Amino acid sequence: MEILAERSGLSAKNTSAHLRTLRDARLVETRREGTYVYYRIAGPEVFRFLGCLQTLGRARLAEVERLAEEYYADPDGLEPVGPDASRR
């Protein structure tokens, strides 16, 4: 867990909470050896799911970046959206 915390830039406490959530959701499995707990992805379907989620995130991020570029290029070119727009 300490290695994950260090590489992700999160605190050990926060990383531990995330890992518990993933374990409770059965997305990771654990193995204990003495005082150490080892985590691994629960199976190939979880690995494929994470790959799909990463692809989706990249696609959405590209869309957001495109919209931001459009806004900064021509801030008056976009229509304002009211708070009720998300309910449609």
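**Notebook: Asp84, helix 2 and the largest pocket**

I began with Asp84, which is partly exposed, since its relative accessible area is 45%. The model I am reading is a predicted one. I placed Asp84 in the segment after helix 3, the helix of residues 44-73. I then took the separation of Asp84 from Val28: the two lie 56 residues apart along the chain, and their C-alpha atoms are 38 Å apart.

**Entry: Glu65**

I went back into helix 3, where Glu65 lies. Is Glu65 buried, partly exposed or exposed? I noted 45% relative accessibility, so Glu65 counts as partly exposed; the cut-offs are under 20% for buried and over 50% for exposed. I looked up two distances from Glu65. To Arg26, 39 residues away along the chain, the C-alpha separation is 33 Å. To Thr35, 30 residues away in sequence, the C-alpha separation is 44 Å.

**Entry: Gly9**

I found Gly9 in the loop between helix 1 and helix 2. Gly9 has a relative accessible area of 65% and is therefore exposed. I paired Gly9 with Ala85, which is 76 residues off in sequence, and read 36 Å from C-alpha to C-alpha.

**Entry: helix 2**

I took helix 2 next, residues 12-24. The helix has 13 residues, and I read 18 Å from its first C-alpha to its last, close to the 18 Å expected at 1.5 Å a residue.

Which residues of helix 2 are buried? I listed Thr15, Ser16 and Leu19. Looking down the axis of helix 2, I found its buried residues within an arc of 100 degrees, so they line one face of the helix. An α-helix has 3.6 residues a turn, so residues three or four places apart point the same way. On the other side of helix 2 I noted Lys13, Thr21 and Asp24 as exposed.

What covers the buried residues of helix 2? I recorded that the cover includes helix 1, strand 1 (28-33) and strand 2.

**Entry: Thr15**

I singled out Thr15, in helix 2. Its relative accessible area is 5%, which means that Thr15 is buried. I set aside neighbours within four places in sequence and listed the remaining contacts of Thr15, which are Met1, Leu4, Ala5, Ser8 and Leu10.

**Entry: Arg26**

I checked the backbone just after helix 2, where Arg26 takes a positive phi of about 65 degrees. I flagged this as a positive value in a residue other than glycine. Arg26 has its place in the loop between helix 2 and strand 1. I read 70% relative accessibility there, so Arg26 counts as exposed.

**Entry: the largest pocket**

I turned to empty space and looked up the largest pocket, which holds about 350 Å³. Which residues line the largest pocket? I wrote down Met1, Glu2, Ile3, Leu4, Ser16, Thr35, Tyr36, Val37, Tyr38 and Tyr39. I asked which elements give two or more residues to this lining, and found helix 1 (2-8) and strand 2 (36-41). Strand 2 gives the most, with four residues.

How do the lining residues divide by type? I noted seven nonpolar, two polar and one charged.

Two of the lining residues tie back to other entries. Ser16 lines the largest pocket and is one of the buried residues of helix 2. Leu4 also lines the pocket, and I had already listed Leu4 among the contacts of Thr15.

**Entry: Thr35**

I closed with Thr35, a lining residue of the largest pocket. Thr35 is found in the loop between strand 1 and strand 2. Is Thr35 buried or exposed? I read 74% relative accessibility, so Thr35 counts as exposed. By contrast, Ser16, which also lines the pocket, is buried.

Technical notes. Residues numbered from 1 in each chain as written. Predicted model: local features only at pLDDT ≥ 70, side-chain atom pairs only at ≥ 80, totals over all residues. Heavy atoms only, no water. 1 Å grid on protein atoms, 1.4 Å probe; cavity = no way out; pocket = protein on both sides within 12 Å on 5 of 7 lines; lining within 4 Å. Points joined across faces, edges and corners; volume = space filled by probe spheres on them. Nonpolar A, V, L, I, M, F, W, Y, C, P; charged D, E, K, R; others polar. Expected span 1.5 Å × (residues − 1). Buried < 20%, exposed > 50% of the residue type's maximum accessible area, 1.4 Å probe, protein only. Arc of directions from axis to C-beta. Contact = heavy atoms within 4.5 Å.
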